[in-house]
Amino acid sequence: MQTKALAPEYQGALTKMSVNASLTDVLAEGVRHLKQAELSGSQEEVARTGLAVAEAHRRLGQVEEADRAWKASYRAARSAGATGAMAWALWSGGTLARQRGSLRLAFRLLGLAAELGKQGGDVVARGYSLAGLAETGRIQGDYETVATLHEQLLSEARARGEARHTVWALEGIAQIHRNTGRLDSALAMFEEAASLAGGADDRRGRAWALRGIADIVSLRDGGTERALALLSEAEVTCREMKLSSALAYNHKMRANVLFRAGRYEEAREVYEQALGEFRAMTEPRGEALAALGLVKARARLGRDRADTAADLDELRGRLSRIGLLNAREMVERAYAELGVERTGDDGDGGPAPAASDAPGTSGLPAPAPAPAPAPAHEEVPVR
């Protein structure tokens, strides 16, 4: 039996906040309780309320504020000797790093978070961190490595009736299936995720699932109007909950649907909108994917072939440096699709940015390898 969706990242005085609370409300409550915690002198409460502040900032696309908040939460947790709270802060930091395209830093922080969650006996923090590692590998395109972990986490979530975690795992596996050409199974999983999320009152999870359904309906069936209607339904939730990142990805998918339908001028406009949204929140993965769509739409509208090739060269190099293997393959296919060839050095042979040297991470534990997937019997909830 599936439970109602919960938000374990809302801790301390914020434990009663709904998973569907508007992020602006979460942020306001988090800041209010954080000030109270600071006055009380309880460093653990500072850490736990600060986590909600960090997560609200991150999901609102306020990345600099989120970066300061998770680090402050970690420092407070370390001062209090609260290992579980340290794990949660590192999970937030790792998730932010992935959002910002710093995948090596994301792997490092999430691996540390999983280890601290285990040391502190916080199976939820450990589970969220393992799920974060799986998601980071998935968006990178390393499907073979993370598929088993996704399946394991799904099985464990189903066994405990954790609706939100089940929805997350279903959507992750569905995306892997979609990207490897198994569209029928991908659609079935997205539809199950949408149904479960609806029953559990997980509006965020349902919005992401509707986006996935719209993608398959458009790609497999050419169902443009149905896909656009699904995206419009999801957009209502994104706007009401202030889900900035989800809204930008919704708009990018809307542009994809329009492009597939040959409505290139409309697609160009929506790609430009999504591109601006991703840039505003410093989300390089989404920015690059929206930029790729925009290049393709402009090419279909008559853009000069040499300029198109130069744009693709730049994108190929950018995605290589970020480490997004699947997205780079999309650029490779775009050369053939648009009938252009690489024209210059895209710089993809250069080293990726050194994540371990990222500013502001001094004082964190020494780097540790990402933990191996937990054995099947271990209780590891997912994000």
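Which helix does Q99 lie in? Helix α4, residues 83–99. Keep in mind that this is a predicted model.

Let me stay with Q99 for a moment. Is Q99 buried or exposed? Its relative accessibility is 9%. The cut-off for buried is under 20%, so Q99 counts as buried. Now its surroundings. Leaving out residues up to four places away in sequence, Q99 touches R58, G61, V63, T282, E283 and P284. With R58 there is also a polar contact. The side chains of Q99 and R58 meet at 3.1 Å.

Next, helix α6. That is residues 123–140, 18 residues in total. Does the length come out as expected or not? At 1.5 Å a residue, the helix should span 26 Å. Its end C-alpha atoms are 26 Å apart, so the two agree. How many of the 18 residues are buried? The count is 16, so α6 is mostly covered, given that buried means under 20% relative accessible area.

Look at both ends of α6. At the N-terminal end, D122 is the cap. One of its side-chain oxygens lies 3.2 Å from the backbone nitrogen of V124. Just after the helix comes G141, with a positive phi of about 100 degrees.

Last item, the nonpolar core. How many residues are in the largest one? It has 124. Y10, L90, I213 and L312 have the most contacts inside it. Which helix gives the most to this core? Helix α9, residues 183–200, with 10 residues.

To recap: Q99 is buried and paired with R58 through a polar contact. Helix α6 is mostly covered and capped by D122.

Terms used:
Residues are numbered from 1 along each chain as its sequence is written. This is a predicted model: local features need pLDDT of at least 70, side-chain atom pairs count only at pLDDT 80 or more; totals for chains, interfaces and linings use all residues. Side-chain values use heavy atoms; hydrogens and water are left out. Helices (H or I, at least four residues) and strands (E, at least two) are DSSP runs, numbered from the N terminus. Buried means under 20% relative accessible area, exposed over 50%, partly exposed in between (1.4 Å probe, protein chains only). A polar contact is a pair of N or O atoms within 3.5 Å; within protein, one must be able to donate a hydrogen and the other to accept it, and residues adjacent in sequence count only if both atoms are side-chain atoms. Contact means heavy atoms within 4.5 Å. The expected span of a helix is 1.5 Å times one less than its number of residues. A nonpolar core is a set of buried Ala, Val, Leu, Ile, Met, Phe, Trp, Tyr and Cys residues joined through side-chain atoms within 4.5 Å.
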